[in-house]
Amino acid sequence: MSTKKSLVVVANRLPVHRVSSRGQRARWETSPGGLVAALTPILKGRSGSWVGWAGTAGGAPRRFTHQGIALHPIGLSRQLVEGFYERFSNRTLWPLYHDVVRRPEFHRGWWKDYREANTRFAEMTAKVAPRRATVWVHDYQLQLVPQLLRTLRPDLRIGYFLHIPFPPLELLAQLPWRRELMEGLLGADLIGLQTKDDARNMRRAAVRLGGAHGRGEDLAVGERRVRVAAYPISIDVASFETLADTPVVLAKSFAFRRRLGLDRQVILGIDRLDYTKGIDTRLRAYEELLASGRVDPARAVFVQVAVPSRERVEEYAEIREEVEGWVGRINGRFSTVGLTTVHYLRRSLNPEDLVALYRAADVMVVTPYRDGMNLVAKEYVASRTDNTGALVLSEFAGAARSLTAALQVNPHDIDGMEDTIHRAMHLTVEEQRQRMRSLRRVVRRHNVHDWANRFLGDLTG
Ligand code: G6P
């Protein structure tokens, strides 16, 4: 692999965000998350740069350097933020790609804004990429960038990775602009997806809608070859393991347990507050377990962390109301003075609190209706260095493909979900260890650095 070629990452968001505390000048801080952690060292070693949106509407700040990486902010007017990001990306593509769990809306004006924003990302990338550089484009917000960029800069090697599921042709076919979208994607030399099923869906759509030919992972598109294959993303396993065993995390974890009640089992959910995550049915199943007497609210406690997300998008405001309705109803019905049944935290957690909660949880419930991978499931497993705990995992998360030792559930099946949560609460320590060891082996086998290196190796190989 030629590691010397410079690398340009193109993603909707820059790897930094603006932080302002009172009395101090606003500054840029590195954003949390595995993708940023994985790509930062690679970019540093390859005189790398990153093209992305700074996260607010209006003019873009000028190019600047952060931790040795050149950042090129894209400016988007309020209208473009609405049309491209809030609407076409998150009210058309997001629900369409997540099994239509909400009805996607199709509006020509939104599509126009999506195309316009993708053009700006492609133009900025064409301007800053060194000759014959490798460019890695990320996620559903930027599916037109590969072809737009290829037209502007045929010398570049272009990779594209989709972090969310790719829908079956039968659903994608609803999209009025399905052909343009496939042509946009097929401008890449390598297209990576989370699972083999996603890759299969993409190849079928490429042949039926994008003018591609071929049956295996390598497709012919005109004179070019485009490879479409699965590259399941992972986490920085070692950093979770290390953090999980630090004295401060152990102390925090014990403090959480003490406050929640040492004689109560802890059930934990951590998700972005998104309607795809199945927080609503998970709470419904839990309420029924309490109502039927199978779970005693004095002996168990549910902690739900919901990280605020896309709050200007209607469906996200709705799911927040729904989830908060469930929490209120359950607490009103089952809490007693001093013993809360569901603890609900609507915020993001710092890494120490996050891992301390993972360590404190007897049962982790990850029950999305559809999810590209779901890294929370992998983080929980990596943090359980004592090999105990139980993971309840939706079979519709990409992570379920490899985490076969989890207790898998169909989140649409409330009875099944109740039985599985109940079962998870009653696993013997021996069975917990057996399953957790197997899960940890799988998660440790490949981390996010291997993922990035494998993709880039195949792209430039
Ligand atoms: C998912 C998407 C990412 C996105 C993230 C947060 O993980 O795959 O592309 O950045 O959600 O969503 P946001 O809309 O706030 O960027």
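**Figure 1. Arg227 and its surroundings in strand β11.** Arg227 counts as partly exposed, at 27% relative accessibility. The model shown here and in the following views is predicted. Arg227 belongs to strand β11, which spans residues 224-230. Apart from neighbours within four places in sequence, its contacts are Asp189, Leu190, Ile191, Glu217 and Asp218. Between Arg227 and Gln432 the C-alpha to C-alpha distance is 40 Å, with a separation of 205 residues in sequence.

**Figure 2. The nine-stranded sheet that contains β11.** This open sheet has mixed pairing, and its strands follow the order β5-β6-β4-β1-β7-β8-β9-β11-β10. The edges are occupied by β5 (64-66) and β10 (218-221); each has a single partner strand, so one side of each is left without a neighbour in the sheet. From one strand to the next, the twist averages 25 degrees. At the β10 edge, β10 and β11 run antiparallel and are joined by four bridges. Val221 has Arg224 in β11 as its bridge partner. Helix α16 (residues 448-460) packs on the sheet and touches β1 (7-13), β7 (134-138), β8 (157-161), β9 (190-193) and β11. The direction of α16 makes about 130 degrees with that of β7.

**Figure 3. The six-stranded parallel sheet.** The second sheet in this set of views is open and has the order β14-β13-β12-β15-β16-β17, with parallel pairing. Its edge strands, β14 (342-345) and β17 (407-409), each pair on one side only. The twist from one strand to the next averages 20 degrees. Within this sheet, strand β12 (residues 265-272) runs parallel to strand β13 (residues 300-307), and eight bridges join the two. Leu268 has Val303 in β13 as its bridge partner. Helix α9 (residues 247-260) packs on the sheet, where it touches β12, β13 and β14. The directions of α9 and β12 make an angle of about 115 degrees.

**Figure 4. Strand β16 and its pairing with β15.** Strand β16 covers residues 390-394 and is mostly covered, with five of its five residues buried. In a regular strand, side chains alternate between the two faces of the sheet. In β16, Ala390, Val392 and Ser394 point one way, while Leu391 and Leu393 point the other way. The residues on both sides of β16 are buried. Strand β15 (residues 363-366) pairs with β16 in the parallel sense over four bridges. In this pairing, Val363 stands opposite Ala390.

**Figure 5. Packing of helix α8 against helix α12.** Two packed helices are described by the angle between their axes and the distance between the axes. For helix α8 (residues 237-244) and helix α12 (residues 351-360), the axes come within 10 Å and cross at roughly 75 degrees. The two helices, α8 and α12, are therefore roughly perpendicular to each other, since angles of 65 to 115 degrees fall in that class. From α8, the residues in contact are Phe240, Leu243 and Ala244, which meet Pro351, Glu352, Leu354, Val355, Tyr358 and Arg359 of α12. The contact of α8 with α12 comprises seven nonpolar, no polar and two charged residues.

**Figure 6. The crossing of helices α13 and α15.** Helix α13 (residues 375-383) and helix α15 (residues 429-445) have axes that come within 9 Å and cross at roughly 115 degrees. Helices α13 and α15 are therefore roughly perpendicular to each other. The crossing of α13 past α15 is left-handed. On the α13 side, Lys378, Tyr380, Val381 and Ala382 make the contact; on the α15 side, the residues are Met436, Leu439, Arg440 and Val443. By class, this contact of α13 with α15 has six nonpolar, no polar and two charged residues.

**Figure 7. Asn387 in the loop between α13 and β16.** Which residues does Asn387 touch, not counting those up to four places away in sequence? They are Gln432, Arg433, Met436, Arg437 and Arg440. Among these residues, Met436 and Arg440 also belong to the contact of α15 with α13. Asn387 itself lies in the loop between α13 and β16. With a relative accessible area of 16%, Asn387 is buried, because buried means under 20% relative accessible area.

How values were computed: Residues numbered from 1 in each chain as written. Predicted model: local features only at pLDDT ≥ 70, side-chain atom pairs only at ≥ 80, totals over all residues. Heavy atoms only, no water. Axes fitted to C-alpha atoms, helices over the stretch in contact; angles between N-to-C directions. Parallel < 35°, antiparallel > 145°, perpendicular 65-115°, else oblique. Left-handed = near helix turned anticlockwise from the far one by under 90°. Contact = heavy atoms within 4.5 Å. Nonpolar A, V, L, I, M, F, W, Y, C, P; charged D, E, K, R; others polar. Buried < 20%, exposed > 50% of the residue type's maximum accessible area, 1.4 Å probe, protein only. Pairing = 2+ DSSP bridges.
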